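Please open the structure in your viewer and keep the sequence panel beside it, since each stop on this tour asks you to select something and look at what is there.

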Amino acid sequence: MKKRDYYEVLGTDKNADVNTIKQAYRKLAMQYHPDRNPGDKQAGKQMAEINEAYAVLCDQDKRRRYDMYGHAGLEGYSSDDLFHGVDFSSVFRDFGMGDFGFGGSIFDSFFSTGEARTRGPRRGADLMYTLKVSLEEVATGIEKEIEIPITRTCPSCQGTGAEKGGTKDCDRCRGTGKIITERRSGYGVFRQINVCSKCGGKGKIVEKPCKKCHGRGIVEENDIISVSIPGGADTGYKVRVKGKGEEGDEGAPPGDLYIVLEVEEHPIFERHGDDIYMVKEIGCYQAALGGEVNVPGIEGDLKLDIPEGTQNGAVLPIINKGLPHMDSHSRGNQYVMVKVTTPQNLTRRERELFQELEKLQSKEKKH
Ligand SMILES: [Zn+2]
Ligand SMILES: [Zn+2]
């Protein structure tokens, strides 16, 4: 395919100045941009041709070579070289196109082929707070006030990190916060938008840092949050407090705070779901004779009936003295495992009595 003359492509005179070339390019780009001609391959090819003509004619050095030798003068240039340093977006910026009713997004939609888009404003991160509670506390349910360190936008500088009037526009990104690089490859123009490394995307450089936040733009405060823990809640139970996470980017909502329950181990009780287990030591006499004993309960002491002839390791239930079910009015049980202790260091009299008992037992077995 024979290459068309660049001036012809842009429809300008060979003596046209840079502004005229820009103007011509802008007009054609608006007309042939693939986004405005969806599915029209011809428009895509034309756009590529227009881009190339502009890249050459807006650059003093390349234009001189072209004027002297025609297309042959640029044969040594790769497609990347040809487009190197060409600021396409300035064409539109110079004409105030950024505010042409498209907002700032006109460039984003303009060079859409293979474009790497920047992300939108990010929502703040969620925070997690571990709340330790005792088994007694979850047995009844509890309201707790907790103090959470929260980072907030500095109220003194509104997050700019600077004293009033203490900022200037970033010189690297000209206050936009973005560095845009464009690269042509095949028919597409690859447009990459990176966050400006000098100002971190803020577009502003701080000259006089804010005294309250020392230029960080955020302050740490303690927030008092009251949490309601229902009876029967277990380790891992989560309460979501909306909007109390980290602050988001400007225009994005904050994250949420998750309060995660951790029920502490209890010195006496072991929890299994809504049931609680404990061990109670009793003497061998009590085990043999039976009787009532006191055992600790989660909400105060309880009486436990030891049946006659209770064996070591027997598990005795106390109904409805466990933890409440979270979603109903019923409760779990308390289970008491009996550990029968054998008396040691017997006195002479005790020894005689045991021996007597032993004789009685063996006689009974013979009958
Ligand atoms: Zn501040
Ligand atoms: Zn910058």
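The tour starts with the whole protein, then visits one helix and two sheets.

This is a predicted model, in which local features need pLDDT of at least 70 and side-chain atom pairs count only at pLDDT 80 or more, while totals for chains, interfaces and linings use all residues. Residues are numbered from 1 along each chain as its sequence is written, and chains are lettered from A and ligands numbered from 1 in the order in which they are written.

**The whole protein**

Colour the model by secondary structure, and you should find ten helices and 15 strands; helices (H or I, at least four residues) and strands (E, at least two) are DSSP runs, numbered from the N terminus. Of the 367 residues in the protein, 20% are buried, a word that here requires 20 or more other C-beta atoms within 10 Å of the residue's own, with C-beta atoms placed from the backbone. Two residues are in contact if their C-beta atoms, placed from the backbone, lie within 7 Å, and among contacts between residues at least 6 apart in sequence, 65% join residues at least 24 apart.

**Helix H2**

Next, select residues 18-32, which form helix H2. The expected span is 1.5 Å times one less than the number of residues, so the 15 residues of H2 should span 21 Å, and the end C-alpha atoms are indeed 21 Å apart. Show the side chains of Ile21, Lys22, Ala24, Tyr25, Leu28 and Tyr32, the buried residues of H2. They lie on the same side of H2 because they cover an arc of only 165 degrees around the axis, the arc being that of the directions from the helix axis to the C-beta atoms.

**The sheet S1-S9-S8**

Strands of a sheet pair through backbone hydrogen bonds, either parallel or antiparallel. Two strands count as paired if DSSP finds at least two bridges between them. Three strands form an open sheet with mixed pairing in the order S1-S9-S8, and its edge strands, each pairing on one side only, are S1 (127-133) and S8 (238-241). Now add S9 (residues 257-263), which pairs with S1 in the parallel sense over seven bridges; within this pair, leucine 131 has leucine 261 in S9 as its bridge partner.

**The sheet S10-S11-S15-S14**

Finally, move to the open sheet of four strands in the order S10-S11-S15-S14, where the pairing is again mixed. The edge strands here are S10 (270-272) and S14 (315-318). Select S11 (residues 275-283) together with S10, and you will see two strands that run antiparallel, joined by three bridges, with histidine 272 opposite aspartate 275 in S11.

Note on methods
Buried ≥ 20, exposed ≤ 12 C-beta atoms within 10 Å, placed from the backbone.
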